[in-house]
Amino acid sequence: MTFSVAICDDSAPDRAAVQTLLAQWAAQRDLTVAPDIFASAEQFLFHYEDNPQYDLLLLDIEMCGMDGVTMAKSVRKRNELVEIVFITGYSDYIAEGYEVGALHYLVKPLQPEKFFSVLDRAFARRQRNARCLTLEHGGALERIALAEIRYLDVQHNYVTVHAARDYTVKRTLKDMATDLGSRFFSVGRSLIVNLHCVRRVTKQEILLADGTALPLPRGAYEALNRAIIQEG
């Protein structure tokens with residue numbers, strides 16, 4: 001299985017060290033990893049404009065020109081799924097790193113065991129995010145990444161899947177639930193929500209990360225909160 005990785009660091013020795021450890025990790029797990037190497041954030045973003053295919057970004061923070069956090073914020077505007085790991089010689093930017101949903105923050109020099117553990121987490125999340133829901137829609141089969149689905153709701157025997165676009169199909173919500181993973185939670189009889197997309201829950205509504213507000217059925221508050229804690 002291929003794992004698409006980019007390394008961005010303005011230090012040639014540090015780039016080489018990361019690449020060497022990455023190759024060792026991939027060999028131990030029988031994976032194919034041929035990372036793209038970049039010496040600056042600007043160089044990466046120029047390439048990324050036409051090649052936004054990466055599963056994992058290994059970024060330095062302090063670089064000449066644009067820093068790694070600013071670069072990561074630019075990436076996040078168009079890609080919420082790519083995993084980001086900061087590898088830096090400084091510990092002053094941890095809070096900023098987590099603002100962009102970084103998977104982890106590693107301080108140089110890298111410790112192989114810890115680095116490999118982070119890579120394992122990134123790869124596991126990539127596999128989970130790669131799972132898809134297959135729908136027959138508009139006379140064709142559509143494959144929708146589960147990670148892209150925010151919620152599903154039902155009206156008059158038709159289920160609408162809310163992802164990058166909406167897909168409405170004639171199926172029952174109960175039937176759809178069997179194709180979804182543990183990240184999805186049934187809220188009453190007419191709504192399934194992606195727990196990873198939930199930003200806040202009140203007694204009356206569920207607020208998603210994109211600003212969508214969904215009504216919360218009476219009696220579902222505690223069960224939904226338990227599901228969020230368990231999935232987290």
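Why does the sulfur of Cys64 not form a bond with the closest cysteine sulfur? The sulfur closest to that of Cys64 sits in Cys8, 11 Å away, and that is too far for a bond. Keep in mind as you look around that this is a predicted model.

**Cysteines first**

A disulfide is a covalent bond between the sulfur atoms of two cysteines. To count as one here, the two sulfur atoms have to be within 2.5 Å. By that rule the tally is zero disulfides. Cys197 tells a similar story: the closest cysteine sulfur belongs to Cys132, 15 Å off, so that pair is too far for a bond as well. What about the surroundings of these cysteines? Cys64 is exposed, with a relative accessible area of 63%, whereas Cys197 is buried, at 16%.

**The whole protein**

Now zoom out. The protein is built with seven helices and 15 strands. Its C-alpha trace spans about 60 × 40 × 30 Å along the principal axes. Of the 232 residues, 44% are buried. The protein exposes about 12,700 Å², and carbon and sulfur atoms supply 48% of that area. If you take the contacts between residues at least 6 apart in sequence, 51% of them join residues at least 24 apart.

**Two nonpolar cores**

Which residues have the most contacts inside the largest nonpolar core? They are Trp25, Leu58 and Phe115, in a core of 23 residues. The elements giving two or more residues to this core are β1 (5-8), α1 (12-28), β3, β4 (83-88) and α5 (112-129). Helix α5 provides the largest share, with six residues. There is also a second, separate core of 22 residues, and Phe38, Ile84, Phe86 and Ala102 are included in it.

Pick out Phe115 in the viewer and look at what surrounds it. Leaving out residues up to four places away in sequence, Phe115 touches Val18, Leu21, Leu22, Leu58, Ile87, Leu106 and Leu110. So Leu58 turns up again, this time as a direct contact of Phe115.

**Three buried residues to find**

Here are three residues worth clicking on, none of them in a helix or a strand.

| Residue | Where it is | Relative accessible area |
|---|---|---|
| Ser4 | segment before β1 | 16%, buried |
| Asp60 | loop between β3 (56-59) and α3 (68-76) | 5%, buried |
| Arg183 | loop between α6 (173-177) and β11 (184-186) | 6%, buried |Asp60 carries a record with it: in an unreviewed entry, UniProt lists Asp60 for "modified residue: 4-aspartylphosphate". Which residues does Asp60 touch, not counting residues up to four places away in sequence? They are Cys8, Asp9, Asp10, Gly68, Ile87, Thr88 and Lys108. Ile87 is also on the contact list of Phe115.

Arg183 has a list of its own. Once its neighbours within four places in sequence are set aside, Arg183 is in contact with Arg128, Asn129, Leu146, Ala147, Val193, Asn194, Leu195, His196 and Glu231.

Ser4 touches Gln53, Tyr54, Asp55 and Leu56, again not counting residues up to four places away in sequence. Try finding Val33 too: Ser4 and Val33 are 29 residues apart along the chain, yet their C-alpha atoms are separated by 6.4 Å.

**The later part of the chain**

Moving further along, UniProt places "domain: HTH LytTR-type" at residues 133-230, in an unreviewed entry. Over residues 133-230 the chain is 15% helix and 44% strand. The C-alpha atoms at the two ends of that stretch are 23 Å apart.

Helix α7 covers residues 221-231. Which residues of α7 are buried? The answer is Leu224, Ala227 and Glu231. Look down the axis of α7 and its buried residues fall within an arc of 60°, so they line one face of the helix. Over on the other side of α7, you'll find Glu222, Ile229 and Gln230 exposed.

What do the buried residues of α7 pack against? Their partners are α5, β11, β12 (191-194), β13 (198-201) and β14 (205-208). Helix α5 is the one that gives six residues to the largest nonpolar core, and Glu231, one of the buried residues of α7, is among the contacts of Arg183.

Note on methods
Residues are numbered from 1 along each chain as its sequence is written. This is a predicted model: local features need pLDDT of at least 70, side-chain atom pairs count only at pLDDT 80 or more; totals for chains, interfaces and linings use all residues. Side-chain values use heavy atoms; hydrogens and water are left out. UniProt positions are given in the numbering used here, feature names are shortened, and annotations may be inferred rather than shown by experiment. Helices (H or I, at least four residues) and strands (E, at least two) are DSSP runs, numbered from the N terminus. Buried means under 20% relative accessible area, exposed over 50%, partly exposed in between (1.4 Å probe, protein chains only). Contact means heavy atoms within 4.5 Å. A nonpolar core is a set of buried Ala, Val, Leu, Ile, Met, Phe, Trp, Tyr and Cys residues joined through side-chain atoms within 4.5 Å. The arc is that of the directions from the helix axis to the C-beta atoms. Accessible areas come from the Shrake-Rupley method with a 1.4 Å probe; for residues, only the protein chains shown count as cover.
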